[in-house]
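Dear colleague,

I am passing on the structure we spoke about, with the sequence alongside. Please open it before reading on, since my notes are meant to be followed on the model itself.

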Amino acid sequence: MEFKIKKFILKSSNSNTYLIQSEVDEKRCYLIDAGNGIEAMRALQPNQNIDAIFLTHAHYDHIAHIGDVIEKFPNCKIYCSEYTRVALSDYKLNLSFYHGTPVIFTGEQINIVKENDNIPLFNQEKMVILETPGHNEGCLTFQLANYFFTGDALIPNIPIVTKLKSGNKQQAKESALKIKMVTDENSFICPGHLNMIKSTEIDWKVYINE
């Protein structure tokens, strides 16, 4: 494996931000979500940059520090779904209004991605896009090698929350099944909350038979 993954937890919501660092090109780093982008940036070496943020969805606990990251790295790209793009500019849709710290983000850095798109990262590694709505209409899962960053589309062995705006229970089941079908015994699930887990340790009946 030519990269390493570090996790940073936003303590107020126990949401995960993942920092991906290349061991081939040390300058290039990437974030999965930006709920705790501050601590992720503090972990960088002086010569390192955040080249891109991959947003699983736009709920506040996953985007809280997006503005801080872009302020420090203005050339950083943001990859997300169209629904997430809209939600980034709407503090009620992204729920930040209800946390007392409204987030309104619009910028040329935003790039819309769809099912099976792939984004080159470093060397031969690429990020593959899976559309996994259910928790939220715009939820994406990102696959890097055998690591699957699922956000809140799949939290290990916990039923998917679908009660928030644009949540859909049937879509959540279909997305969980999609993730199950593309993973194998060598896959790791890196969720938006809780710990990384091997796909073989997941009780898929929690989602499929919910």
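What follows are my notes, going from the whole protein to its sheets and then to single residues.

Please bear in mind throughout that this is a predicted model.

**The whole protein**

The secondary structure comes to 6 helices and 12 strands. The radius of gyration is 16 Å, close to the 17 Å that the globule rule gives for 210 residues, so the protein is as compact as a globular protein of that length. Taken along the principal axes, the C-alpha atoms fill a box of roughly 50 × 40 × 30 Å. Buried residues account for 50% of the 210 residues, and the accessible surface comes to about 9,900 Å², with 48% of that area belonging to carbon and sulfur atoms. If one takes the contacts between residues at least 6 apart in sequence, 57% of them join residues at least 24 apart.

**The sheet from β1 to β6**

One open sheet is built from 6 strands in the order β1-β2-β3-β4-β5-β6, and its pairing is mixed. Strands β1 and β6 stand at the edges with a single partner strand each, so one side of each is left without a neighbour in the sheet. From one strand to the next, the twist averages 25°.

Within this sheet, β3 (residues 28-32) and β4 (residues 49-54) run parallel and are joined by 5 bridges, with Ile32 standing opposite Phe54 in β4. Strand β4 also holds Ile53, which counts as buried because its relative accessibility is 0%, the cut-off for buried being under 20%. Leaving aside neighbours within four places in sequence, Ile53 is in contact with Leu31, Asp33, Ala34, Ile66, Val69, Ile70, Cys76, Lys77, Ile78 and Tyr79. Gly37, which is 16 residues from Ile53 in sequence, lies 9.7 Å from Ile53 in space, C-alpha to C-alpha.

**The sheet from β7 to β12**

A further open sheet of 6 strands, also with mixed pairing, has the order β7-β8-β9-β10-β11-β12. Here β7 (118-122) and β12 (197-198) are the edge strands, each with a single partner strand, so one side of each is left without a neighbour in the sheet. Helix α5 (residues 169-182) packs on this sheet and touches β8 (125-131), β9 (140-144), β10 and β11, while the direction of the helix makes about 145° with that of β8.

It may help to walk across the strands in order. Strands β8 and β9 run antiparallel and are joined by 5 bridges, and Glu131 stands opposite Leu140 in β9. Strands β9 and β10 likewise run antiparallel, here with 3 bridges, and Phe142 stands opposite Phe149 in β10. Their hairpin has 2 residues between the strands, and in it Ala145 takes a positive phi near 55°. Strand β10 (residues 147-151) then runs parallel to β11 (residues 188-191), joined to it by 4 bridges, and the bridge partner of Phe149 in β11 is Cys190. As for β9, 4 of its 5 residues are buried, so this strand is largely enclosed by the rest of the structure.

**Residues in the loops**

In the loop between α4 (82-88) and β6 (110-112) lies Asn94, and you may ask whether Asn94 is buried or exposed. With a relative accessibility of 0%, Asn94 counts as buried. A polar atom of the Asn94 side chain lies 3.0 Å from the backbone oxygen of Val103. Not counting residues up to four places away in sequence, Asn94 touches Ala58, His59, Tyr60, Ile63, Ala87, Leu88 and Val103.

Leu95 is found in the loop between α4 and β6 as well, but Leu95 is partly exposed, with a relative accessible area of 21%. Although Leu95 is not a glycine, its phi is positive, at about 75°. Another residue to look at is Asn14, placed in the loop between β1 (3-10) and β2 (15-22); its phi is near 55°, a positive value in a residue other than glycine.

With best regards

Definitions and conventions: Residues are numbered from 1 along each chain as its sequence is written. This is a predicted model: local features need pLDDT of at least 70, side-chain atom pairs count only at pLDDT 80 or more; totals for chains, interfaces and linings use all residues. Side-chain values use heavy atoms; hydrogens and water are left out. Buried means under 20% relative accessible area, exposed over 50%, partly exposed in between (1.4 Å probe, protein chains only). A polar contact is a pair of N or O atoms within 3.5 Å; within protein, one must be able to donate a hydrogen and the other to accept it, and residues adjacent in sequence count only if both atoms are side-chain atoms. Contact means heavy atoms within 4.5 Å. Two strands pair if DSSP finds at least two bridges between them. Axes are lines fitted to C-alpha atoms, for helices over the stretch in contact, and angles run from 0 to 180 degrees between N-to-C directions. The radius of gyration is taken over C-alpha atoms; the globule rule is 2.2 Å times the number of residues to the power 0.38. Accessible areas come from the Shrake-Rupley method with a 1.4 Å probe; for residues, only the protein chains shown count as cover.
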